[in-house]
Amino acid sequence: METISILPPELIRMLIAAIIIISFLFLNAIMMGYLERKIAGHVQRRPGPMEVGFHGILQMVVDGVKLLGKELLIPFNVDRTLFRVAPLLSFTPVILPLLVIPFSEKLQARDLSLGLIFIVSMGSVNVMALLVAGWGSNNKYSMFGAMRAVAQSIAFEIPILLSMLAVVLMCNTFSLKEIVGAQQKIWFVFLQPVAFLIYLIAGVAETNRAPFDLPEAESELTAGFHTEYSGMGFSLFFIGEYTNMFIVASVATVLFLGGWHGPNLPYGEYLGIVWFFLKVYFLLFLLIMIRWTYPRVRFDQLLNFAWKYLVPFSLVNILITAVLVKL
Amino acid sequence: MKQYFSEIYTGGKSLVEGLGVTFKALFQPIVTVQYPREEIDITPNYRGHIDLVLDPEKNTFLCISCGMCEKSCPSDCIKIQGKKLEGEKKKTLVLFELDFTKCSLCGTCVEVCPNDALEFSQEYNLAAFSREAFHFDILKRLEERRT
Amino acid sequence: MLESDFQKKNRFFLNMGPQHPSTHGVLLIVLEMSGEYVLDPQPVLGFVHRMHEKMAESRPCVGFMPNTARMDYVCALPYNHGYVSLIERKAGIEVPERAEYIRVITSELNRVASHLLWLGAYLLDLGAFTPILYGFDDREHILDILEDITGSRLTYCYYRFGGVSRDIDDKFVASTRAFIKRLRERFVIYEKLVTKNIIFIKRTENIGVVSPDMALRYGMTGPNLRGSGIAYDVRKNEPYSVYPEFDFEIPVGSQGDCLDRYMVRIREMEQSLRIIEQALDRLPEGPVRAKVPKNIKLSPGDCNFAVEAARGELSYYLVGDGTSTPYRLKVRVPSYSNLSCLPELGRGILLPDLVSILGSFDLVIPEMDR
């Protein structure tokens with residue numbers, strides 16, 4: 001009997017992949033939230049969450065339920081549409097890059113030939129969400145946070161692009177699947193250590209994590225651009241930030257650490273995802289440790305650092321790479 | 001130019017050293033005592049609220065109701081009443097109330113007492129639902145401790 | 001700083017309000033800002049005024065002892081020391097030598113505890129979340145040591161007219177020596193995590209430069225004055241108690257920026273440890289409390305006594321009128337003068353720099369408002 005398909009099979013595959021990815025995102029936010037609090041606790045010689053569940057495993061679930069139940073306060077005299085739209089604007093564009101990342105040899109939602117550029121462009125939309133949140137809150141502190149966020153994000157996109165360009169020069173392609181495929185013999189982190197370092201630092205700045213977390217500088221601006229949000233609005237910003245971190249770490253893994261390559265496993269084409277996640281969570285562990293160790297940089301020192309240190313180094317790096325590739 | 005590179009080098013080294021300190025702290029045991037599941041022994045010199053001393057031989061208080069503690073308290077939180085009972089030469093203590101919401105634990109009453117009849121208890125985890133629960137009746141507390 | 005025309009027209013006021021994570025206590029600073037630059041910071045005090053000086057006029061001088069600890073609760077023993085020494089100077093009471101040594105040991109321990117708390121809080125303002133917990137871990141040991149002899153953990157009421165209220169025992173000496181050894185190892189950790197960190201250096205170097213002339217004009221004392229290069233310490237310039245017998249240095253900074261004030265306090269902690277060690281080695285035997293009349297009558301006339309608290313020079317001024325209740329007691333607190341140079345210092349600086357400067361002054365608002 002012939003099966004009649006209402007939708008083309010490619011579309012069904014993408015829909016299923018998108019649903020799996022979105023549900024994975026929430027799970028990732030829960031896991032990362034728990035991991036961050038536990039690591040922060042042990043770095044500070046205290047236990048972290050311990051009450052709910054065994055060593056506090058269910059803490060984030062309980063927190064999510066609490067945040068769902070809170071009243072969504074809308075302060076007086078705000079621009080209502082902008083205020084409500086900002087968390088959604090912060091959460092939605094970070095889902096899309098996950099559709100192009102190759103988790104394993106056969107597990108990728110869609111392989112765009114311009115995958116890398118797609119990811120970078122989605123990252124820029126995040127700036128707009130911060131600006132909308134800061135402006136729409138009718139609060140001077142939030143406005144401060146938003147203005148700083150714009151300058152910071154724009155300044156740090158250039159080192160990201162330039163360090164990615166170094167890898168692209170070596171592979172001649174923007175498609176993420178082929179970049180991972182080209183790292184079969186040697187991972188690019190050994191060939192391009194400077195680009196890796198620059199990409200990580202600029203990635204931390206893009207996601208507004210300490211030591212670059214000026215938009216939400218807690219001790220100066222009492223929570224910056226998300227001061228006025230409560231309940232689910234706040235948690236959407238939260239989940240958006242963790243997902244952004246996940247994307248930065250997974251792009252770093254794909255570009256530099258060899259994606260899903262690793263010692264051979266049975267069903268290697270599908271189980272390559274295990275190596276991928278190990279590498280990604282190692283980078284996330286590093287990012288969490290950095291947050292809890294260093295103080296915050298000042299705003300103009302941050303821009304100084306981007307323009308005077310990261311950009312020249314990445315330009316010189318590209319020059320050397322171009323010369324060496326040609327030879 | 002040379003300062004540019006030397007700054008990068010020293011700065012980078014200091015960042016890596018700092019990360020090493022926190023990484024080492026990650027594996028050290030936690031310092032927190034998870035109260036109320038674990039408890040610390042409180043030192044016997046701790047200043048909780050005052051209590052009447054129970055004389056083990058006579059099985060009663062040593063207070064002679066002179067009222068020195070009431071007069072010398074800077075916060076006016078002690079109230080004493082002594083009554084002369086039938087057939088006794090001196091006054092006996094009938095009422096000893098301490099308003100703990102005003103007490104500042106200075107220790108003047110303990111020192112000024114001529115008979116050393118007051119001492120500090122070791123109560124550190126007091127909690128109640130109303131302010132009146134902290135108007136202690138010290139005489140009643142002594143009666144409860146009597147064998 | 002260059003101001004665009006837009007910024008010149010659009011100046012606005014920002015309340016670094018009474019509730020703020022970075023003002024250490026309840027302090028309101030009204031900032032007139034243009035963009036990110038602060039044009040004119042004006043502190044507004046008085047939110048925690050508890051009328052301690054009035055309370056001194058309405059109770060006998062013995063009854064004021066608990067109040068002295070509540071004025072500055074972070075470093076309470078020097079406040080105790082100043083008041084007790086004031087009444088002793090007024091009434092001519094001699095203090096036994098063992099009591100003086102115990103006073104010096106406990107005051108210096110309290111100074112170390114106060115500086116550890118300042119270190120943690122300053123770094124919390126700058127955005128590092130772990131040094132405060134390391135500092136509190138060390139401070140717990142000091143609090144346990146002091147709890148064993150005084151009975152309280154924070155607001156001590158340990159000194160009495162004519163000595164101290166309870167003698168120290170071998171357990172105190174042993175645990176203090178163990179603590180000194182431990183803290184010297186922990187200083188290495190602080191140096192690696194904080195002092196050499198390039199981000200911290202960039203946040204504090206050349207920020208908030210207080211020239212010696214400005215510091216003298218505003219009457220700043222303590223580590224803030226010493227950070228600007230002037231070596232004035234009450235323990236050396238107007239010695240009191242048994243401080244002349246100890247051998248210690250006064251750390252001095254050179255430029256008067258936040259990094260210098262930070263380094264002065266770190267080195268002060270090390271010097272305090274030196275003083276404690278020398279005092280423990282030379283501790284004499286004897287009584288810890290002199291015989292004092294029950295009712296001390298304050299003769300008519302005035303009297304003054306100055307000590308070195310953790311934040312600067314603390315001095316008490318007493319006017320007696322023949323009874324045992326003072327006619328007037330004035331407390332000169334160091335934080336008040338330290339804060340008063342903020343309007344001049346904070347013109348044209350960035351907001352994060354203001355936070356860094358406030359943190360480096362080590363203000364405690366309840367002592368400012370009394």
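Which residues in α6(C) meet which residues in α7(C)? I took this question into a predicted model, and I checked the scores before reading any contacts.

**Entry 1, confidence.** For the model as a whole I noted an ipTM of 0.86 and a pTM of 0.90. For chain C I found an average pLDDT of 89, with 98% of the residues scoring at least 70. I kept in mind that where pLDDT is low, the predicted coordinates should not be read in detail.

**Entry 2, the helix pair.** I then listed the contact itself: from α6(C) I read C:P131, C:Y134, C:D138, C:H141, C:I142, C:I145, C:D148 and C:I149, and from α7(C) I read C:K171, C:F172, C:S175, C:T176, C:F179, C:L183, C:R186, C:I189, C:L193 and C:V194. Sorted by class, the residues of this contact come to 11 nonpolar, three polar and four charged. I looked up the geometry next, and found that α6(C) and α7(C), the latter spanning residues 170–195, pack at an angle of about 170° with their axes 11 Å apart. Angles over 145 degrees count as roughly antiparallel, and α6(C) and α7(C) are therefore roughly antiparallel to each other.

**Entry 3, the strands of chain C.** I turned to β2(C), residues 28–34, and β3(C), residues 37–44, which run antiparallel and are joined by seven bridges. Within this pairing I located C:E32, which stands opposite C:D40 in β3(C). The hairpin of β2(C) and β3(C) has two residues between the strands, and there I noted that C:G35 takes a positive phi near 70°. I also followed β3(C) to β9(C), residues 349–350, and recorded two bridges between these strands, which run antiparallel. In that pairing C:Y37 stands opposite C:L350 in β9(C).

**Entry 4, chain C against chain A.** How many residues does each chain give to this contact? I read 24 residues from chain C and 21 residues from chain A. On the side of chain C, the elements that give two or more residues are α5 (97–126), α6 (131–150), α8 (198–204) and α15 (351–361). By class, I recorded this side of chain C as 14 nonpolar, five polar and five charged residues. I marked α6(C) for a second look, since I had met this helix in the pair with α7(C) and found it again among the elements on the side that touches chain A.

**Entry 5, chain A against chain B.** For this contact I noted 10 residues from chain A and 11 residues from chain B. The side of chain A that touches chain B has six nonpolar, two polar and two charged residues.

Note on methods. Residues numbered from 1 in each chain as written. Chains lettered and ligands numbered in written order. Predicted model: local features only at pLDDT ≥ 70, side-chain atom pairs only at ≥ 80, totals over all residues. Contact = placed C-beta atoms within 7 Å. Nonpolar A, V, L, I, M, F, W, Y, C, P; charged D, E, K, R; others polar. Helix = DSSP H or I, 4+ residues; strand = E, 2+ residues; numbered from the N terminus. Axes fitted to C-alpha atoms, helices over the stretch in contact; angles between N-to-C directions. Parallel < 35°, antiparallel > 145°, perpendicular 65-115°, else oblique. pLDDT = per-residue confidence, 0-100. Pairing = 2+ DSSP bridges.
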